[in-house]
Amino acid sequence: MQVKSIELGAKELMDVYYYMRLGRAIEDRLNLLYKGGKLPGAIYLGTGQEAIEVGASYALEPGDVIATTHRDMIAQLPRGLTPREVFSQHYGRITSLTRGKGEDNYQGDLKRGMLASVSMLPNFYPVAAGCSLAFKIRKEKRVAMAYCGEGATSVGDWHETLNIASVQNLPVVFIVINNGYAYSTPVFKEMKVANVADRACAYGIPGIVVDGNNVIECYQEAKKAVERAREGGGPTLIEAKTMRIRGHAGHDPATYVAKEIIDLWTKRDPIVRFENYLAERGLLSEETKQNMINRINNEVEDAVQFAESSPYPDGKEAIEDVYAA
Ligand SMILES: Cc1ncc(C[n+]2csc(CCOP(=O)(O)OP(=O)(O)O)c2C)c(N)n1
């Protein structure tokens, strides 16, 4: 299999830029629709986290698997999630991946290696480890990647998963997006360690801190971890330091965060930083940027129209594809 290089070429860099901007545009629109009372459910946005969302996910290859949370829709875009699927999901329409069941970003598609997330955190960590155990037993050179926030690392499942993944030397990469808050609880009230990555040494695996607003760094560290896992080197824990610059969910104005903190992180906007990086390398002119924005705006507009004009599921759908123990 031809895997991506650690140094991305011009086309790949522009792909990364596209996914970051597409993610931001989708979320901006979801926010407007939510505030306008158009969406039946909740929204959990990852605005400000685009660098780690896209950077880590882009490091995966077609046969790999990603397990994200309800905040990580943007990480599913490089796996092939489309704007039409996103808006159909939020509108609860038959055209969504869950065929109108669930809400928010609880969507997945095994054919594209996207596990559907569940609300309980971090319940997809053990599932990702289970996938990677299957890959190992079948001697397939595939990798699983699991995402969660720093708050979820206080739950027992998280620690048990890291331990078993380490002991079994599983091909799995653990991404922790440390965005400063678990709902309204700041990090210093969540844990006494300076870095979530410091916890990796308790399990005998590498723990790496990355600048979560620098997409190149996020990609490169994830890529090294993914390929190490693929070659039998076992799991890695990557902690991305970043900040969600919106509230925990659509209803939350995040008044518990000082304005200065939001301002500081807004200045570190990962998309603007990446635009500067691309411009310095002669890859992004004002015209290219405007073309990209226009293309994305059209895609988002098309997706909203598509979702709004799609039917709701028939009643019989309620008992299709569901499982009750
Ligand atoms: C086991 C469990 N307990 C509580 C919740 C309620 N809850 C949903 S999101 C959240 C905060 C999670 O914070 P973090 O893991 O840092 O992720 P973030 O929301 O910042 O992306 C909580 C407590 C949950 N979903 N699962």
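How many helices and strands are there in the chain? Some notes from going through the model, which is a predicted one.

1. **The parts list.** The chain has ten helices and eight strands. Keep in mind that everything below is read off a predicted model.

2. **Overall dimensions.** The radius of gyration is 19 Å, and a compact globule of 325 residues would come out near 20 Å, so the chain agrees with what the globule rule expects. If you want a box to picture, the C-alpha atoms fill one of roughly 55 × 50 × 45 Å along the principal axes.

3. **Inside and outside.** Of the 325 residues, 54% count as buried. The accessible surface adds up to about 14,300 Å², and carbon and sulfur atoms supply 55% of that. Looking at contacts with a separation of 6 or more, 75% join residues that are 24 or more positions apart.

4. **Charges.** I get 38 positive and 42 negative side chains. The centres of the two sets lie 2 Å apart.

5. **Helix H1.** This one covers residues 10-35, which makes 26 residues. At 1.5 Å a residue the helix should span 38 Å, and its end C-alpha atoms are indeed 38 Å apart, so the expected and modelled lengths agree. As a general reminder, an α-helix has 3.6 residues a turn, so residues three or four places apart point the same way. Just after H1 comes Gly-37, with a positive phi of about 75°.

6. **Thr-68.** Is this residue buried or exposed? Thr-68 has a relative accessible area of 2%; the cut-off for buried is under 20%, so Thr-68 is buried. You'll find Thr-68 in the loop between strand S1 (65-67) and helix H3 (73-76). Setting aside neighbours within four places in sequence, its contacts are Ala-75, Gln-76, Leu-115, Ser-117, Phe-124 and Tyr-147. Gly-46, which is 22 residues away in sequence, sits 12 Å from Thr-68, C-alpha to C-alpha.

7. **A cis peptide.** Which two residues does the cis bond join? They are Leu-121 and Pro-122, with omega at about -10°. Pro-122 belongs to the loop between strand S2 (114-115) and helix H5 (124-137). For context, most peptide bonds are trans.

8. **Lys-139.** Most residues other than glycine have a negative phi. Lys-139 has a positive one, near 60°. Lys-139 is placed in the loop between H5 and strand S3 (144-149). With a relative accessible area of 74%, and exposed meaning over 50%, Lys-139 is exposed.

9. **Tyr-183.** Here is another non-glycine with a positive phi, this time about 50°. Tyr-183 is in the loop between strand S5 (181-182) and strand S6 (185-186). Its relative accessible area is 38%, so Tyr-183 is partly exposed.

10. **Ile-164.** Where does this residue sit? Ile-164 is in helix H6, residues 156-167. Its relative accessible area is 43%, which means Ile-164 counts as partly exposed. From Ile-164 to Ala-10 is 154 residues along the chain, and their C-alpha atoms are separated by 39 Å.

Definitions and conventions
Residues numbered from 1 in each chain as written. Predicted model: local features only at pLDDT ≥ 70, side-chain atom pairs only at ≥ 80, totals over all residues. Heavy atoms only, no water. Helix = DSSP H or I, 4+ residues; strand = E, 2+ residues; numbered from the N terminus. Rg over C-alpha atoms; globule rule 2.2 N^0.38 Å. Buried < 20%, exposed > 50% of the residue type's maximum accessible area, 1.4 Å probe, protein only. Contact = heavy atoms within 4.5 Å. Areas by Shrake-Rupley, 256 points an atom, 1.4 Å probe, with all protein chains shown as cover. Lys, Arg positive; Asp, Glu negative; His and termini not counted. Charge placed at Lys NZ, Arg CZ, Asp CG, Glu CD. Expected span 1.5 Å × (residues − 1).
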